[in-house]
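Please look at the model below with me, as I would like to understand how some of its labels are earned.

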Amino acid sequence: GLPELLLHTIDKEPFVIGDLTLIPIQVMHREMPVLGFRIGDFSYVTDLNYISESEKEKIKGSKVLILSALRPQPHPTHLTLNEAIDLATELGVPEVYFTHFSHQIGLHALVEPQLPSFIKMAYDGLRFSIH
């Protein structure tokens with residue numbers, strides 16, 4: 001009746017699962033380091049309020065980025081909507097989806113038209129292809 005677990009520590013080094021190479025991207029959630037990942041041309045980075053220049057370099061060149069944008073107002077552990085827009089613009093990823101937002105972000109139908117054309121609001125059931 002006891003579960004058997006085999007734990008694998010993930011550090012900053014790339015690792016392989018099946019035929020996928022995952023590149024860890026360390027960001028900060030206030031004082032706590034957390035990881036996002038790059039898989040090929042796709043990067044997933046949420047739950048952050050800071051990313052270093054060296055970690056930004058790991059994202060550059062991606063074709064799709066999932067990034068958190070919690071709310072318009074400042075928060076001690078998350079990017080605001082404007083901070084996320086600025087980061088997405090700086091990184092130059094051509095297709096960005098914001099996620100990990102609170103009810104304080106407002107209605108998608110009102111927020112999305114105000115975003116740069118390369119940024120969309122993610123939603124339940126969203127699908128896209130990465131190669």
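Q: Why is Glu-55 called buried or exposed?
A: Buried means under 20% relative accessible area, exposed over 50%, and partly exposed in between, with a 1.4 Å probe and protein chains only; Glu-55 has a relative accessible area of 7%, so Glu-55 is buried. This is a predicted model, in which local features need pLDDT of at least 70 and side-chain atom pairs count only at pLDDT 80 or more, while totals for chains, interfaces and linings use all residues. Residues are numbered from 1 along each chain as its sequence is written, and side-chain values use heavy atoms, with hydrogens and water left out.

Q: What makes Lys-58 and Glu-55 a salt bridge?
A: The term requires a side-chain nitrogen of Lys or Arg within 4 Å of a carboxyl oxygen of Asp or Glu, and the closest N and O atoms of Lys-58 and Glu-55 are 3.0 Å apart, as a salt bridge. Lys-58 has 22% relative accessibility and therefore counts as partly exposed.

Q: How do you know that Glu-90 and Lys-56 meet in a salt bridge?
A: Their N to O distance is 3.0 Å, which qualifies as a salt bridge. The pair links distant parts of the chain, with Glu-90 in helix α2 (residues 81-91) and Lys-56 in helix α1, 34 residues apart; a helix here is a DSSP run of H or I with at least four residues. Glu-90, at 38% relative accessibility, counts as partly exposed, whereas Lys-56, at 8%, counts as buried.

Technical notes
Helix = DSSP H or I, 4+ residues; strand = E, 2+ residues; numbered from the N terminus.
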